[in-house]
Amino acid sequence: MPEFILVNPQIAPYVGHIQLNRPKELNALNLELMLEIKQALIDFDQDDNIRAIVISGNERAFAAGADIKQMAGRNAIDMLKIDQFTTWDSIRKTKKPIIAAVSGFALGGGCELAMICDMIIASETAQFGQPEISIGVMPGAGGTQRLTRIVGKAKAMEMVLTGQFISAEEAKAYGLVNKIVPVEFYLSEAVKLASTIAEKSPIAVQMAKESVLKAYEMPLQEALFFERKNFYMLFATEDQKEGMQAFIEKRKATFKGQ
Ligand code: CAA
């Protein structure tokens with residue numbers, strides 16, 4: 001049983017939920033918690049009854065970053081040996097779409113975790129930041145790379161070099177956040193978005209997610225080639241036949257994930 005997260009494989013039909021559960025520490029991401037998220041996502045990826053995933057914290061904090069108390073006494077060799085970011089790499093490889101439901105603080109590793117997710121629903125109280133510079137380090141879980149690709153160089157530099165937080169409004173204006181809702185709805189709105197995706201063909205969703213992510217990782221020509229292969233491959237699925245036939249027959253498609 002996980003100690004630092006709550007796992008619900010069915011918060012809604014075909015939607016799994018992971019809730020970070022270290023409220024007193026503002027969901028600070030210790031190594032054990034990250035391993036639990038990694039394992040929960042591996043389990044969700046293997047579960048045919050889950051087609052989309054929501055990760056949330058609580059109203060006060062999504063996560064206030066890596067656990068500073070756990071890291072404070074470590075030296076460079078300790079960090080190298082622990083190599084915590086292989087856990088993050090595994091999380092990034094999750095095949096099913098992940099929606100981050102963010103309320104309150106999403107700082108440091110918390111902001112980086114939200115950015116590893118595929119979309120972010122934020123409450124009006126959400127605050128995003130990369131404050132590592134204020135404790136003598138810098139982002140290490142993708143903050144200098146993913147943030148820069150999302151918000152652009154000028155804003156990323158400002159956030160990473162000053163450590164200042166940005167509001168949900170500003171995050172939305174910079175394309176970091178998909179939607180802002182009143183605090184009481186941030187989780188339900190994320191589940192709603194996940195449920196909409198869960199109605200689609202899970203294989204098409206997986207291939208589409210993988211293809212969009214390639215836009216960040218590959219040169220354009222190679223990424224277009226990758227997209228094309230995935231597009232052709234979907235014509236090997238029953239879901240493609242069902243989806244197109246349903247359109248022609250003017251009815252709602254029922255996708256089986258085959
Ligand atoms: N690690 C460990 N403990 C943390 C924590 C963190 N990242 N963030 C908060 N906490 C703990 C606090 O120590 C405090 O514990 P105690 O009650 O035992 O003292 C508790 O959570 C509540 O926090 P505060 O009393 O500080 O609450 P606040 O409302 O006054 O301030 C805050 C909230 C602005 C988020 C402040 O807690 C803060 O600045 N936290 C650290 C943010 C940060 O620097 N994150 C980056 C971490 S490094 C990183 O993430 C590296 C990476 O790239 C992976």
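These are my notebook entries on the ligand site and the two domains of a predicted model.

**Ground rules.** I worked with a predicted model in which local features need pLDDT of at least 70 and side-chain atom pairs count only at pLDDT 80 or more, while totals for chains, interfaces and linings use all residues. Residues are numbered from 1 along each chain as its sequence is written, and side-chain values use heavy atoms, with hydrogens and water left out.

**Ligand shell.** I looked up the residues near the ligand (one heavy atom within 4 Å of it) and found 23 of them, of which Arg60, Ala66, Ile68, Gly109 and Glu112 come nearest. I then sorted this shell into 12 nonpolar, 4 polar and 7 charged residues, counting Ala, Val, Leu, Ile, Met, Phe, Trp, Tyr, Cys and Pro as nonpolar, Asp, Glu, Lys and Arg as charged, and the others, Gly among them, as polar. At least two shell residues each come from α2 (68-71), β6 (105-107) and α5 (109-116), and α2 gives the most, with 3 residues; helices (H or I, at least four residues) and strands (E, at least two) are DSSP runs, numbered from the N terminus.

**Polar contacts with the ligand.** I took pairs of N or O atoms within 3.5 Å. A polar side-chain atom of Arg60 lies 2.9 Å from a ligand oxygen atom, and a backbone N or O atom of Lys24 is 3.4 Å from an oxygen atom of the ligand. For Ala64, I noted a polar backbone atom 3.0 Å from a nitrogen atom of the ligand. On its own the ligand has 980 Å² of accessible area, and the protein covers 66% of that (Shrake-Rupley method, 1.4 Å probe).

**Domains.** An automatic or database domain assignment divides the chain into domain 1 (5-198) and domain 2 (202-248), and I read 26 Å between their C-alpha centres. I found 11 residues of domain 1 in contact with 7 residues of domain 2, with contact meaning heavy atoms within 4.5 Å.

Terms used: A polar contact is a pair of N or O atoms within 3.5 Å; within protein, one must be able to donate a hydrogen and the other to accept it, and residues adjacent in sequence count only if both atoms are side-chain atoms.
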